[in-house]
Amino acid sequence: MSVIYRRSMAYLDKFVPPKYAPLWNHPAGPKTIFFWSPWFKWGLVIAGLSDVQRPVETVSLSQSAALSVTGLIWSRYCLVITPINYNLCAVNVFVALVGTYQAQRALRYHLSLSDSTVPESETVA
């Protein structure tokens, strides 16, 4: 597979204008997974934002918390790898933010359910 990739890149190199050659040949440029991974990961952010429209009772607390934590972990990782990948860091920050928002929505909902199950005789007036 790497032979096909190298030949494809050598062929495409001919069509890159000299003005864009530094970006094309950058260690985190379009020739690498460092470039494409963040662009596909934005799909998680879009999916998370579309979930804001869902009823809160259908939001998974554990899934939202997992997205939040992984977003935070990978944000840190993006800043310590070589080359530093700011685009991947940005998408992971947004994954963490969307996950945190959804998790707090779900948590608030679950807490309101548990509050409403307390008998009225036990509530403080």
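How many salt bridges does the count come to in this structure? The count comes to two salt bridges, and the model in which they are found is a predicted one. The points below begin with these two pairs, then turn to a nonpolar patch on the surface, to the largest pocket and the largest cavity, and finally to a cis peptide bond and some spacings along the chain.

**Salt bridges**

- One of the pairs is formed by K31 and D13, whose closest N and O atoms are 3.1 Å apart.
- K31 sits in the loop between α2 (21-24) and α3 (33-50), while D13 belongs to helix α1 (residues 2-13), so this salt bridge ties together parts that are 18 residues apart in sequence.
- Both partners are partly exposed, K31 having a relative accessible area of 23% and D13 having one of 33%.
- A further salt bridge joins D51 to R54, and here the closest N and O atoms are 3.5 Å apart.
- D51 is partly exposed, at a relative accessible area of 24%, and R54 is likewise partly exposed, with a value of 32%.

**A nonpolar patch on the surface**

- Together, V69, I73, W74, Y77, L79, V80, I84 and Y86 make up a nonpolar patch on the surface, and their accessible area comes to about 790 Å².
- Helix α4 (residues 61-80) is the element that gives the most to this nonpolar patch, contributing six residues.
- Y77, which is one of the patch residues, is found in helix α4 and counts as partly exposed, with a relative accessibility of 40%.
- I84, also part of the patch, has its place in the loop between α4 and α5 (86-116), and with 37% relative accessibility I84 counts as partly exposed.

**The largest pocket**

- The volume of the largest pocket is about 180 Å³, and of the 14 residues that line this pocket, those closest to its centre are G48, D51, Q63, S64 and L67.
- Helices α3, α4 and α5 are the elements that give two or more residues to the lining of the largest pocket.
- Sorted by class, the lining of the largest pocket holds five nonpolar, seven polar and two charged residues.
- D51, named among the residues closest to the centre of the pocket, is also the residue that forms a salt bridge with R54.

**The largest cavity**

- Rolling a probe the size of a water molecule over the atoms shows where empty space is left.
- When the whole structure is searched, one cavity of 30 Å³ or more is found, and the space in the largest cavity amounts to about 40 Å³.
- The residues that line the largest cavity are L44, V45, G48, L67, V95 and V98, and the elements giving two or more residues to this lining are α3 and α5.
- Helix α3 gives the most to the lining of the largest cavity, with three residues.
- By class, five residues of the cavity lining are nonpolar and one is polar, with no charged residues present.
- G48 and L67 appear in the lining of the largest cavity, and they are also among the residues closest to the centre of the largest pocket.
- V45, another residue of the cavity lining, lies in helix α3 and is buried, with a relative accessible area of 4%.

**A cis peptide bond**

- T82 and P83 are joined by a cis peptide bond, for which omega is about -5 degrees.
- P83 has its place in the loop between α4 and α5, and this loop is also where I84 of the nonpolar patch is found.

**Spacings along the chain and in space**

- A106, in helix α5, is buried, with a relative accessible area of 0%.
- Although A106 and V56 are 50 residues apart in sequence, their C-alpha atoms are 6.1 Å apart in space.
- V45 and S114 are 69 residues apart along the chain, and a distance of 30 Å separates their C-alpha atoms.
- Y77 and L88 are 11 residues apart along the chain, and their C-alpha atoms are separated by 9.5 Å.

Terms used: Residues numbered from 1 in each chain as written. Predicted model: local features only at pLDDT ≥ 70, side-chain atom pairs only at ≥ 80, totals over all residues. Heavy atoms only, no water. Salt bridge = Lys/Arg side-chain N within 4 Å of Asp/Glu carboxyl O. Helix = DSSP H or I, 4+ residues; strand = E, 2+ residues; numbered from the N terminus. Buried < 20%, exposed > 50% of the residue type's maximum accessible area, 1.4 Å probe, protein only. Patch = residues over 30% accessible without salt bridge, like charges linked within 9 Å, V, L, I, M, F, W, Y side chains within 5 Å. Areas by Shrake-Rupley, 256 points an atom, 1.4 Å probe, with all protein chains shown as cover. 1 Å grid on protein atoms, 1.4 Å probe; cavity = no way out; pocket = protein on both sides within 12 Å on 5 of 7 lines; lining within 4 Å. Points joined across faces, edges and corners; volume = space filled by probe spheres on them. Nonpolar A, V, L, I, M, F, W, Y, C, P; charged D, E, K, R; others polar.
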